[in-house]
Amino acid sequence: MSDPDPAVVQRALTRERARRAKAEQLLEDKSRELFMSYQTLQESHDQLGAAMEEVKRQQKQLVQSEKLASLGTMSAGVAHEINNPLAFVFSNVNSLAHAVDQFRQYHQHVGALLLAESPAQSAEATGALKEFVEEADVEFLFEDCGDLLSETIDGIQRVKSIVAGLKAFARSDAGEMEPVDLIACIRNTLKLAHNQIKFNMEVVEDFDDLPEIRGYPGKLSQVFLNLIVNAGQAMEGTGSIKISARNLKDVIQVDFQDTGAGMSAETIKDIFNPFFTTKPVGEGTGLGLSISHGIIEEHAGEITVSSELGVGTCFSIILPKNEMRAAA
Ligand SMILES: Nc1ncnc2c1ncn2[C@@H]1O[C@H](COP(=O)(O)OP(=O)(O)OP(=O)(O)O)[C@@H](O)[C@H]1O
Ligand SMILES: [Mg+2]
C-alpha cells in the first residue's frame, strides 16, 4: 500500500477543521440563543410574579372596600341602634340627678330632726320631714332609682356591644388566624344587621354547641352579614330566615334558610361571579357572594346554595373543625 498523498490529507484535515469550526459556531449561537430565551423567560416569570402579587393586593383591597361599603349602608341603622339606648340613658340620668337632689333635701330634713335641741324644734322638724316625704314621694324615689339604674346599665351594655360588634366587623384581619366562636360571631352580625332587617324578616336561631375554629372573625362576620342582608332583600313582603349551626363529625355546617323569592337555575349559575347582581344600580355591587366565596375558601371551607323560585333559598357553609387544616 502506498503512502497517502500529503496534499490530499492536508485538504481533508482543513475540511474537517472548517466543519468543526462551523459546528462549534453553531453550538455557540444556539447556546447564546438559549441563554437569551432563558433570560426572556426569567423576565416574564418575574413580571408574572409581580402581576400575581398585584392581583392578590387588589383582591385584599376589594374585600376591605366591600366591607367598608356595607359598613356605609349599615351606618344609619347602627346609629339608630346606638341612639335609642342613648336617648333613654340620657333621660334616666336626668331623673337620677333629680332623685339625688331630693335625697340631699331628705338628708337635710333628717339632719335637722337629729340636731333638734328642744321638743318644739323636734316637733317642727318632724312635721317638715313628714311633709317632704309625702310631697317628694321618697319611697317611690327609692324604688324608681333601682329601676332607673338597671335600665341605664342595660342601655350602656347595648351600646357597648354594638360598638364592639362594629369594631370586630371593621377589622382588616391581617395576620394570623385566631380562635373564633361562630355563634358569637353570627349573633354579633345579627345585631349589626338588626335595623336593616327588623321590619321584614324574622330571625330564627337553631344552634348546636360548637367548638371554636381557627379563622378570621371580621371576615366571617362579613360573609354572615352578606347572607343575612341578601335574604332580607329577597323577601317579597315579610318572611323569615332560619340560621342553624350543626356540630358534625369533622366539620361545622351553618345554614341560612330564607323564605324569600328564590332564584332560577339561570341566576344560581352566576351568583358567585364578581359583579353579578340582579339588584338595581346603587343597591347592589354584586361583590357580596364572590367575596364571601373567597373568604370561605381561605378558611378551607365550602359554600353552596340550593334555591327554589317562590319558596326560598338556603346557603350552606361548611367549615373544617380541624385546626391544622383551617390554619393551612
Ligand atoms: N337569599 C337570596 N335569595 C334570592 N336571591 C339571592 C339571594 N342571595 C343572593 N341572591 C342573588 O345573587 C345575586 C348576587 O348576590 P351578591 O350578594 O353577590 O350581590 P348583591 O347582593 O347583588 O350586591 P352586594 O352584595 O354587592 O351589595 C343577587 O343580586 C341576587 O340576585
Ligand atoms: Mg349581597
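Mentor: A polar contact is a pair of N or O atoms within 3.5 Å; within protein, one must be able to donate a hydrogen and the other to accept it, and residues adjacent in sequence count only if both atoms are side-chain atoms. This is a predicted model, with local features needing pLDDT of at least 70, side-chain atom pairs pLDDT 80 or more, and totals for chains, interfaces and linings using all residues. Residues are numbered from 1 along each chain as its sequence is written, chains are lettered from A and ligands numbered from 1 in the order written, and side-chain values use heavy atoms, without hydrogens and water.

Trainee: What makes leucine 287 a polar contact of ligand 1?

Mentor: A polar backbone atom of leucine 287 lies 3.0 Å from an oxygen atom of ligand 1. The cut-off is 3.5 Å, so the pair counts.

Trainee: Which distance links the side chain of asparagine 230 to ligand 1?

Mentor: A polar atom of that side chain is 2.9 Å from a ligand 1 oxygen. For asparagine 226, the side-chain N or O atom is 3.2 Å from an oxygen of ligand 1.

Trainee: Why are Asn226 and Asn230 called donors to the magnesium ion?

Mentor: Their OD1 atoms coordinate ligand 2 at 2.2 to 2.4 Å. Donors are N, O and S atoms within 2.8 Å of the metal (3.2 Å for Na, K and Ca), so both qualify; water is not among the atoms, so sites may look incomplete.

Trainee: How are asparagine 226 and asparagine 230 placed in helix 5?

Mentor: They sit four residues apart, about one turn of the helix. Residues three or four places apart point the same way, because an α-helix has 3.6 residues a turn.

Methods. Helix = DSSP H or I, 4+ residues; strand = E, 2+ residues; numbered from the N terminus.
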